[in-house]
Amino acid sequence: MKMNHSLMQALQPDKPKAQYPVLCLVFAALLLLPSALMATEPYFGPHTYHFTQSVGSACPIEWWTGDCPEIVRDNLRWHGYLFDEHRTLEHWWNTHELVFDFESPDYFGPDLTGHWAIAIRADGVSDRSGNGRPDLEGRGLILGNVSGIDEAFPCGPTGTESTITMEAFWAGGNCVFGRSTEGPRLENNTRYRVQLVSSVQAIPWLTLFINNRYRLWRIEPSGQAILIGSGTYYETLTGSIPLNNPAAKNLGGFFITEVMSQHSWQFAIFDLQLFECGSFEPQCSNY
């Protein structure tokens, strides 16, 4: 029996040059593997904070000028910000992570007009735009009400007044990834835990992108944590805003700010911890 020429060619071993794409795929796969040096200890925290606000006018981002209603953090003035010192990641490929619990007796509900903005791989103290005020830069999330903002795909409002969703921040702009990352309705007198992670990932042919994501748990009275929400948005390294966030990729600070609420409330953050770990790690903590 004779084989035709094309079939004989198909059965022959590949020539050496055909191995190069395979080697590239193997190298890309190695980049996706977590390193053996996963960090489990936070570089900041754990810290617990209690916040209160008395009834006052809405608080715009321009709170830095002192026009905000007074917010008290453990009996100290706190005009909208909680932040650590300015910090950069050891390498922009490294993973950055924030974990904390939160609970409020009266923040969420029909009277809520404001929200908490929280970010990692971030900076909230530098005046990058040169307008005389600090700029919010980073990758993060919202707790509260952003249901009334304008629609400008992929940015837009949430469908729920009191919820969690993701947001990108840069000097002079921001993008709320409303319905695409929206979580469940948040309730008063309920303890939640949130994990926010920003990590670099690779796909074949060595294309890098930043994966920004959160997970939300409800903490039962027994202490059991039940996963009730999650969201993700991807940040490219080229292209147009907002998918390519112009904020620096190596930012290692974080910020937490509350803006625009007009009712009296109390809000507690428990066991806040910040982590940095090696390149391409999916996360740093054991949560």
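Start with the whole protein chain in cartoon view: its secondary structure comes to 3 helices and 14 strands. Keep in mind as you click around that this is a predicted model.

**Stop 1: the whole chain**

Stay zoomed out for a moment and switch on a surface. The protein chain exposes about 14200 Å², and carbon and sulfur atoms supply 55% of that area. Now hide the surface again and think about what sits beneath it. Of the chain's 287 residues, 47% count as buried.

How do the contacts run along the sequence? Take those between residues at least 6 apart in sequence: 68% of them join residues at least 24 apart.

**Stop 2: a first pair of cysteines**

How many disulfides does the structure hold? There are 2 to visit. A quick reminder before you zoom in: a disulfide is a covalent bond between the sulfur atoms of two cysteines.

Select Cys 155 and Cys 175 and show them as sticks. They form a disulfide, with the sulfur atoms 2.1 Å apart. Turn the view until you look along the S-S bond: the angle about it is -115°, which goes with a left-handed link.

Now bring the cartoon back around these two. Cys 155 lies in the loop between strand S7 (137–144) and strand S8 (163–170), while Cys 175 belongs to strand S9 (residues 173–176), so the bond ties together parts that are 20 residues apart in sequence. Are these cysteines buried or exposed? Both Cys 155 and Cys 175 are buried, so you may want to clip the front of the view if you still have a surface on.

**Stop 3: the other pair**

Next, select Cys 277 and Cys 284. Here a disulfide joins the two, at 2.2 Å from S to S. Look along this S-S bond as well: with -80° about it, the link of Cys 277 and Cys 284 is left-handed. Cys 277 and Cys 284 are both buried.

**Stop 4: a serine on a helix**

Finish at Ser 180, which you will find in helix H3 (residues 178–181). Is Ser 180 buried or exposed? Its relative accessibility is 58%, so Ser 180 counts as exposed, the cut-off being over 50%.

Add Phe 177 to the selection and show its backbone. The backbone oxygen of Phe 177 lies 3.3 Å from a polar atom of the Ser 180 side chain.

One last click: add Thr 165 and draw a distance from its C-alpha to that of Ser 180. You should get 8.3 Å in space, for two residues that are 15 apart in sequence.

Technical notes: Residues are numbered from 1 along each chain as its sequence is written. This is a predicted model: local features need pLDDT of at least 70, side-chain atom pairs count only at pLDDT 80 or more; totals for chains, interfaces and linings use all residues. Side-chain values use heavy atoms; hydrogens and water are left out. A disulfide is a pair of cysteine sulfur atoms within 2.5 Å. Helices (H or I, at least four residues) and strands (E, at least two) are DSSP runs, numbered from the N terminus. Buried means under 20% relative accessible area, exposed over 50%, partly exposed in between (1.4 Å probe, protein chains only). A polar contact is a pair of N or O atoms within 3.5 Å; within protein, one must be able to donate a hydrogen and the other to accept it, and residues adjacent in sequence count only if both atoms are side-chain atoms. Contact means heavy atoms within 4.5 Å. Accessible areas come from the Shrake-Rupley method with a 1.4 Å probe; for residues, only the protein chains shown count as cover.
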